[in-house]
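Subject: Structure handover

Hello,

Here is the structure I said I would pass on. My notes on what was found in it follow below.

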Amino acid sequence: MTYSLVSKMRSGEMKLEDVIAFAENEGFDAIELLMFDFSRPTGEIKTMLENHQMKISCINAFVDLAVQQEDTHSDNIALCQQIIDKAVELSAPMVMLVPAIPQFIASEEDKQKGGLPRIISALQKITPYAESKGVVLTIENYPALQTPPFCSVAEVTNILDQVPGLKLTFDYGNMLVAGEDPLKAYEMLKKYTVNVHLKDWQFVTEETETQSVDGRYLKSVAHGQGVMIIRRYLPKWYQMVMKDIVPLNMKES
């Protein structure tokens with residue numbers, strides 16, 4: 001799965017219908033659906049999927065669970081539950097949450113002392129709800145140093161160990177932001193991992209792009225155009241994923 005079409009959807013260049021048709025034309029059996037419009041009728045989406053013989057493998061959503069206002073925090077927990085309900089309606093076996101919005105983090109102190117406990121508290125409520133609906137809830141090792149910490153192996157493990165039943169969507173490219181080797185990181189995180197993203201990065205000079213722990217800036221690019229050297233990683237990566245991930249998801253595929 002790749003996020004290469006997200007920017008086109010955000011800009012309005014492509015609609016969901018276009019993405020589903022593109023996936024069919026490229027030979028995919030399923031897509032990961034990033035929710036932009038939470039109010040879109042399920043029947044509409046189902047019809048589009050059926051017209052192209054397409055399934056949804058995972059629903060992805062950005063929901064601010066680090067927010068300080070209690071009413072908004074409760075509303076966002078409820079929104080996550082609605083997303084899980086939508087996954088059930090669309091027969092999607094997984095939901096991936098990015099549980100903080102980088103630009104909403106007020107300060108370093110809020111990131112460390114306030115945002116992270118609020119995220120964990122919310123996930124401790126949302127995960128059992130997902131389990132009760134037969135949906136696997138995951139977070140991603142997300143490439144934003146300004147969010148409450150869930151980028152490095154230690155940061156991600158800290159959250160997963162405090163939320164029983166929560167799983168991981170492992171993005172091997174995002175480990176570059178944390179300054180960690182992706183294959184070694186996967187070995188440490190594979191017991192939590194149920195879904196995989198493969199991202200490639202290019203080092204750039206623009207300080208508006210994603211900053212890594214070493215101070216350099218990264219821009220997400222198409223596979224093969226960046227520094228991840230996917231051809232070098234792929235044989236071992238494929239072997240590891242086929243052994244560890246595929247058997248877990250076989251019944252849901």
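Helices and strands here are DSSP runs, with at least four residues for a helix (H or I) and at least two for a strand (E), numbered from the N terminus. On that basis the protein chain has 10 helices and nine strands. Please keep in mind that the model is predicted.

Overall figures

The protein chain has 253 residues, and 48% of them count as buried. Its accessible surface is about 12900 Å², and carbon and sulfur atoms account for 51% of that surface. If we take the contacts between residues at least 6 apart in sequence, 75% of them join residues at least 24 apart.

The six-stranded sheet

Six strands make an open sheet with parallel pairing, in the order β1-β2-β3-β4-β5-β6. Its edge strands are β1 and β6 (193-197), each of which pairs on one side only. From one strand to the next, the twist averages 25°.

At one edge, β1 (residues 30-34) is mostly covered, with four of its five residues buried. Strand β1 runs parallel to β2 (residues 55-62), and five bridges join the two. Within this pair, E32 stands opposite C58 of β2. Between the two strands the chain passes through helix α3 (residues 42-51), and this β-α-β crossover is right-handed.

At the other edge, β6 pairs with β5 (residues 167-171) in the parallel sense, over four bridges. Here F170 has V196 in β6 as its bridge partner.

A residue in β1

Is A30, which lies in strand β1, buried, exposed or partly exposed? Its relative accessibility is 28%, so A30 counts as partly exposed; the range for that class begins at 20% and ends at 50%. A30 touches M54, K55 and S57, leaving aside residues up to four places away in sequence. Of these contacts, S57 is 27 residues from A30 in sequence, while their C-alpha atoms are 5.8 Å apart in space.

The three-stranded sheet

A further open sheet has three strands in the order β7-β9-β8, and the pairing is antiparallel. The edge strands are β7 (200-204) and β8 (210-211), each pairing on one side only. Five bridges link β7 and β9 (residues 217-221) in the antiparallel sense. In this pairing, Q202 stands opposite K219 of β9.

As background to both sheets, strands of a sheet pair through backbone hydrogen bonds, either parallel or antiparallel.

Two helices

Helix α6 covers residues 153-160, and V153, V156, T157, I159 and L160 are buried in it. Viewed down the axis of α6, these buried residues fall within an arc of 160°, so they line one face of the helix.

Helix α4 spans residues 70-89 and contains N76. The relative accessible area of N76 is 14%, so N76 is buried, the cut-off being under 20%. Which residues does N76 touch, not counting residues up to four places away in sequence? They are V63, D64, L65 and V67.

Regards

Conventions. Residues are numbered from 1 along each chain as its sequence is written. This is a predicted model: local features need pLDDT of at least 70, side-chain atom pairs count only at pLDDT 80 or more; totals for chains, interfaces and linings use all residues. Side-chain values use heavy atoms; hydrogens and water are left out. Two strands pair if DSSP finds at least two bridges between them. Buried means under 20% relative accessible area, exposed over 50%, partly exposed in between (1.4 Å probe, protein chains only). The arc is that of the directions from the helix axis to the C-beta atoms. A crossover is right-handed if, with the strands pointing away from the viewer, the path from the first strand over the helix to the second runs clockwise. Contact means heavy atoms within 4.5 Å. Accessible areas come from the Shrake-Rupley method with a 1.4 Å probe; for residues, only the protein chains shown count as cover. Axes are lines fitted to C-alpha atoms, for helices over the stretch in contact, and angles run from 0 to 180 degrees between N-to-C directions.
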